[in-house]
Amino acid sequence: MKMPNFVTHYYLPETGPFRSLSELPAGSEDPVFLDILTRHQRDTGYRRRYGRNYIEARSKVEARLHELFVARGGKPRRCHPFYLVLGESPWFRDLNANQSELKIPLSELDPETTSLTYPDSFIALSRDDKPYYNQVFLLSEMSELVTRFGIPENDHAVPYECYWETDFELYIEVQLWDLPPRFKA
């Protein structure tokens, strides 16, 4: 198994990269969030779904992520991370017909502001039935993590319409707690 040497950030072209729903001023009542709740009804190429309580649930997960990352020695510069995947994820890319992506070499990531979960943080921090759940890993541990548990290889085989019926181990999630240097103004 070959270790990817990059991470990918997927985003909608109209919003641009490195945005966080967690930073919406009105939370789950924000017009931006209210719009994406029903976007799939107006845009057949938009396959992503959010529950009404997504912002609240995401905030709890992010608070725990932050706490675990700081406990491991991380130095987040933001309250809410940006989300990427190790390598690439056809499943994530295909959530939206016109998805854009940025590939960033691992060498450009700051170890002090980069954490990982195996798999997606929502799953990793809400269960405890696998040895990598309820943990945040450091960038320096990526190679060991991949050697021990592998890289999920099924992400192209799980239809979005029924992903919740699986363990949702589709990718290794990377959280950036700061903008990468080349994206800072």
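**The largest pocket and two buried loop residues**

The largest pocket holds about 1,200 Å³ of space in this structure, which is a predicted model. Rolling a probe the size of a water molecule over the atoms shows where empty space is left. Some 49 residues line the largest pocket, and L21, R48, Y50, Y54 and F92 are the ones nearest its centre. Sorted by class, that lining comes out as 28 nonpolar, ten polar and eleven charged residues. Several elements chip in with at least two lining residues each: β1, α1, α2 (54-71), β2 (82-86), α3 (90-93) and α4 (121-124).

Next comes S20, found in the loop that runs between β1 (6-11) and α1 (31-42). Its relative accessibility is 12%, so S20 counts as buried, the cut-off being under 20%. The side chain of S20 reaches over to the backbone nitrogen of S22, at 3.2 Å. Once neighbours within four places in sequence are set aside, S20 is in contact with R78, H80 and P81.

A second loop, the one between β5 (137-138) and α5 (142-149), is home to L139. Here the relative accessible area is 16%, so L139 is buried too, by that cut-off of under 20%. Apart from neighbours within four places in sequence, L139 touches L106, L109, D110, P111, T114 and L116, in the sense of being in contact with them. As for G74, 65 residues away from L139 along the chain, the C-alpha atoms of the two are 9.9 Å apart.

Methods: Residues are numbered from 1 along each chain as its sequence is written. This is a predicted model: local features need pLDDT of at least 70, side-chain atom pairs count only at pLDDT 80 or more; totals for chains, interfaces and linings use all residues. Side-chain values use heavy atoms; hydrogens and water are left out. Helices (H or I, at least four residues) and strands (E, at least two) are DSSP runs, numbered from the N terminus. Buried means under 20% relative accessible area, exposed over 50%, partly exposed in between (1.4 Å probe, protein chains only). Contact means heavy atoms within 4.5 Å. A polar contact is a pair of N or O atoms within 3.5 Å; within protein, one must be able to donate a hydrogen and the other to accept it, and residues adjacent in sequence count only if both atoms are side-chain atoms. On a 1 Å grid over the protein atoms alone, a cavity is a set of points where a 1.4 Å probe fits but cannot get out, and a pocket is an open set with protein on both sides within 12 Å along at least five of seven lines; lining residues have an atom within 4 Å of a point. Grid points are joined across faces, edges and corners, and a volume is the space filled by probe spheres set on the points. Ala, Val, Leu, Ile, Met, Phe, Trp, Tyr, Cys and Pro count as nonpolar, Asp, Glu, Lys and Arg as charged, and the others, Gly among them, as polar.
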